[in-house]
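Trainee: I have a model open on my screen and would like to learn how to read it. Could you walk me through a few features?

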Amino acid sequence: MRAFEPIFRNPHLLTILGNFWPRDYDVARYPMERRLIRTDDRTQVLVQTQRPACEPIGEVVFLHGLEGGGDAGYIRSMAWHALEAGFAAHRFHMRTCGGTENLCQTLYHAGLTSDLRAFLEQAHEQSRACPLFLIGFSLGGNVSLKLAGELGETDLIRGVCAISTPIDLGASARRIGKPDNRLYERRFVKRMKQRLIATGRYSPADLKDAHSLYEIDDRVTAPSFGFRNADHYYATQSSKNFLDRIRVPALLIQSRDDTFIPFEIFHHPAFATNPHLRLIATEHGGHLGFLARAGQRFWVDDVAIDFVGSLARQNAPLHVSATG
C-alpha cells in the first residue's frame, strides 16, 4: 500500500474537492441494472448493479453516507475500480433514498441494518460461490460495521471496509454542530427536510424549527423508531458498540483531521483486542477527501479494492491482524 500524500492539507478543501472532483469513466462498458428489492412487507429499496465482463471474483456492496446515494462521487469512482478489478458492484440505497420516498413506510437511520441484511441474504442465495463484501462510506460505514458485529461468525460476508465512519454517532453529531462545520450541516439539514417532505408524511411547517442534525434526529428520526430521544438513538446505534463482535476482516480508513468526526473516538479498546480489526489512520484527508498528490487520484479506492481483492483470492479462513 502506498502512503497517502494529499494534494492539499486543508481538511475542508479536501472534504469539498473529494465530493466534487470529476469522475470521467466509460460507463457504457458496464451497463447499470436498476432493481427495487423488497426487504419486508412495507419496504422496497433501490439497488443499482453493474457487472464486469468476466466472471466476477466477488461482489461488493457499497453503502452511501448521510443523504447520499449511488451517484455520489466517492461511490462512482470506487465502483469503477471494483469493476476493473473483476468485482460485481452493487450500489445499495437506504430506505427513502434514491427516489424511493414513496416505497417505504418508515425512514432510514444510521444503525438500520435490516434492509441491508435482507439484500445480502438474497444475493448470497443467488450466488453462493461468490464472496460478498461491504464497503461503507461515512454513515454507511456505521451501518456496515454494525451489521458485521451483529452477524459475528458468518458466511454471509467475507469482509467489510468502512471509510470516514462515525463509529460514535453522538460525538460526531456534536462535532458537525460546531461553527466550522455550519455550512455542511445546513446542506445536510436542507436535504433531510426535502426527503422527509417528499415522503408525504411531513410538511414544511413540521420541520421549520429544526435547524440542526441533532434537532431532526431528536424530533423525527428517534421517535420514528421508538428511541426515547436523539441521545438514546445515538447511544444504541453506534457501531462502536459492535466492534468487539466482528469476526470477519474489517478495515477502517480514517483521517485524523476529519472535519465531521473527532479522531478520539478511535481510541477504542476493540482495535487492540479484536484481531479482525485494522485501522489505517492518515494525518490528512478531511471527510471522504483522500485525494492523492500523485498517481491514482482516489487513493482510498486503491486501498479498499486491494483489501477486498486480497480476501477474494484467499481460500483459507480469513483473519486480519490489528494495527493502530
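Mentor: Happy to! Let's begin with contacts that link distant parts of the sequence. In this predicted model, 76% of the contacts in the protein chain with a separation of 6 or more are between residues 24 or more positions apart.

Trainee: How many helices and strands are there in the protein chain?

Mentor: The protein chain has 11 helices and 8 strands. Its radius of gyration is 19 Å, close to the 20 Å that the globule rule gives for 324 residues, so the chain is as compact as a globular protein of that length. Along the principal axes, the C-alpha trace spans about 55 × 45 × 40 Å.

Trainee: What share of the residues counts as buried, and what does the accessible surface come to?

Mentor: Buried here means under 20% relative accessible area. By that cut-off, 59% of the 324 residues are buried. The accessible surface of the protein chain comes to about 13800 Å², and carbon and sulfur atoms contribute 50% of that area.

Trainee: And the charges: how far apart are the mean positions of the positive and negative ones?

Mentor: The chain carries 38 positive and 35 negative charges, and their mean positions lie 3 Å apart.

Trainee: Now a single strand, please. Why is strand β5 described as largely enclosed?

Mentor: Start with the general idea: in a regular strand the side chains alternate between the two faces of the sheet. Now look at β5, residues 132-137: 6 of its 6 residues are buried, so the strand is largely enclosed by the rest of the structure. Both of its faces are covered, with Leu132, Leu134 and Gly136 buried on one side, and Phe133, Ile135 and Phe137 buried on the other.

Trainee: Which strands pair with β5?

Mentor: Strand β3, residues 58-63, pairs with β5 in the parallel sense over 5 bridges. Leu63 has Gly136 of β5 as its bridge partner. Strand β6, residues 159-163, also pairs with β5 in the parallel sense, over 5 bridges. There, Ile135 has Cys161 of β6 as its bridge partner.

Trainee: Let me try a residue in a helix. Is Ser77 buried or exposed, and what does it touch?

Mentor: Find helix α2, residues 73-84, which holds Ser77. With a relative accessible area of 1%, Ser77 is buried. Leaving aside residues up to four places away in sequence, Ser77 touches Arg23, Tyr25, Phe298 and Asp301.

Trainee: Thanks, I'll go and find those residues on my screen.

Notes: Residues are numbered from 1 along each chain as its sequence is written. This is a predicted model: local features need pLDDT of at least 70, side-chain atom pairs count only at pLDDT 80 or more; totals for chains, interfaces and linings use all residues. Side-chain values use heavy atoms; hydrogens and water are left out. Helices (H or I, at least four residues) and strands (E, at least two) are DSSP runs, numbered from the N terminus. The radius of gyration is taken over C-alpha atoms; the globule rule is 2.2 Å times the number of residues to the power 0.38. Buried means under 20% relative accessible area, exposed over 50%, partly exposed in between (1.4 Å probe, protein chains only). Contact means heavy atoms within 4.5 Å. Accessible areas come from the Shrake-Rupley method with a 1.4 Å probe; for residues, only the protein chains shown count as cover. Lys and Arg count as positive and Asp and Glu as negative; His and the chain ends are not counted. The place of a charge is taken as NZ of Lys, CZ of Arg, CG of Asp or CD of Glu. Two strands pair if DSSP finds at least two bridges between them.
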